[in-house]
Amino acid sequence: MQTFVYEITDPAGLHARPATSIAAEASRWPCEIIVALDRTRERVSARDLMGLMGLDARQGDRLQVSADGSRASEALASLLPVFDF
């Protein structure tokens with residue numbers, strides 16, 4: 001399993017536009033990709049748009065993004081720029 005952590009800097013938090021981009025990019029990869037909110041420890045699939053929105057991630061929150069399976073490292077590398085919102 002590979003992981004990176006992203007701290008939300010956008011005052012609007014994890015809103016619809018970045019969540020849509022994350023879900024779309026995650027759907028391109030064959031591996032399992034999970035986004036976990038450090039504050040609540042809630043975990044959702046990165047492919048699940050409504051799950052991402054339901055995290056209610058706010059400015060200053062940290063998201064742990066992990067991938068496991070085929071092409072996990074490539075998937076995380078492709079998601080890094082998507083998380084820069």
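# Briefing on an 85-residue predicted chain

The chain exposes about 4,600 Å², and carbon and sulfur atoms supply 48% of that area. The model is a predicted one, and the values below were computed from its atoms. Three topics follow: the overall architecture, the aromatic pairs, and the surroundings of serine 78.

**Overall architecture**

- The chain has 3 helices and 4 strands, and from the N terminus on these elements follow one another in the order β-α-β-β-α-β-α.
- For 85 residues, a compact globule would be expected to have a radius of gyration near 12 Å, and the chain, at 11 Å, agrees with that expectation.
- Taken along the principal axes, the box filled by the C-alpha atoms of the chain is roughly 35 × 20 × 20 Å.
- Of the 85 residues in the chain, 44% are buried.
- When contacts in the chain are restricted to residues at least 6 apart in sequence, 69% of them join residues at least 24 apart.

**Aromatic pairs**

- The structure holds 3 aromatic pairs, and one of them is formed by phenylalanine 4 and phenylalanine 83, whose rings meet edge-to-face with 5.5 Å from centre to centre and 85° between the planes.
- This pair links distant parts of the chain, since phenylalanine 4 belongs to strand β1 (residues 2-7) while phenylalanine 83 lies in the segment after α3, 79 residues apart.
- Phenylalanine 4 has a relative accessible area of 12% and is therefore buried, the cut-off being under 20%.
- Phenylalanine 83, at 1% relative accessibility, also counts as buried because its value falls under 20%.
- Ring pairs join Phe4, Tyr6, Phe83 and Phe85 into a cluster.

**Surroundings of serine 78**

- Serine 78 is found in helix α3, which spans residues 72-79.
- With a relative accessible area of 17%, serine 78 is classed as buried because this value is under 20%.
- Leaving aside residues up to four places away in sequence, serine 78 touches Glu25 and Trp29.
- The side chains of serine 78 and tryptophan 29 are, in addition, joined by a polar contact of 2.9 Å.

Conventions:
Residues are numbered from 1 along each chain as its sequence is written. This is a predicted model: local features need pLDDT of at least 70, side-chain atom pairs count only at pLDDT 80 or more; totals for chains, interfaces and linings use all residues. Side-chain values use heavy atoms; hydrogens and water are left out. Helices (H or I, at least four residues) and strands (E, at least two) are DSSP runs, numbered from the N terminus. Buried means under 20% relative accessible area, exposed over 50%, partly exposed in between (1.4 Å probe, protein chains only). A polar contact is a pair of N or O atoms within 3.5 Å; within protein, one must be able to donate a hydrogen and the other to accept it, and residues adjacent in sequence count only if both atoms are side-chain atoms. Contact means heavy atoms within 4.5 Å. Rings of Phe, Tyr and Trp (its six-membered ring) pair if their centres lie within 6.5 Å; planes under 30 degrees apart count as stacked, over 60 as edge-to-face and the rest as tilted. The radius of gyration is taken over C-alpha atoms; the globule rule is 2.2 Å times the number of residues to the power 0.38. Accessible areas come from the Shrake-Rupley method with a 1.4 Å probe; for residues, only the protein chains shown count as cover.
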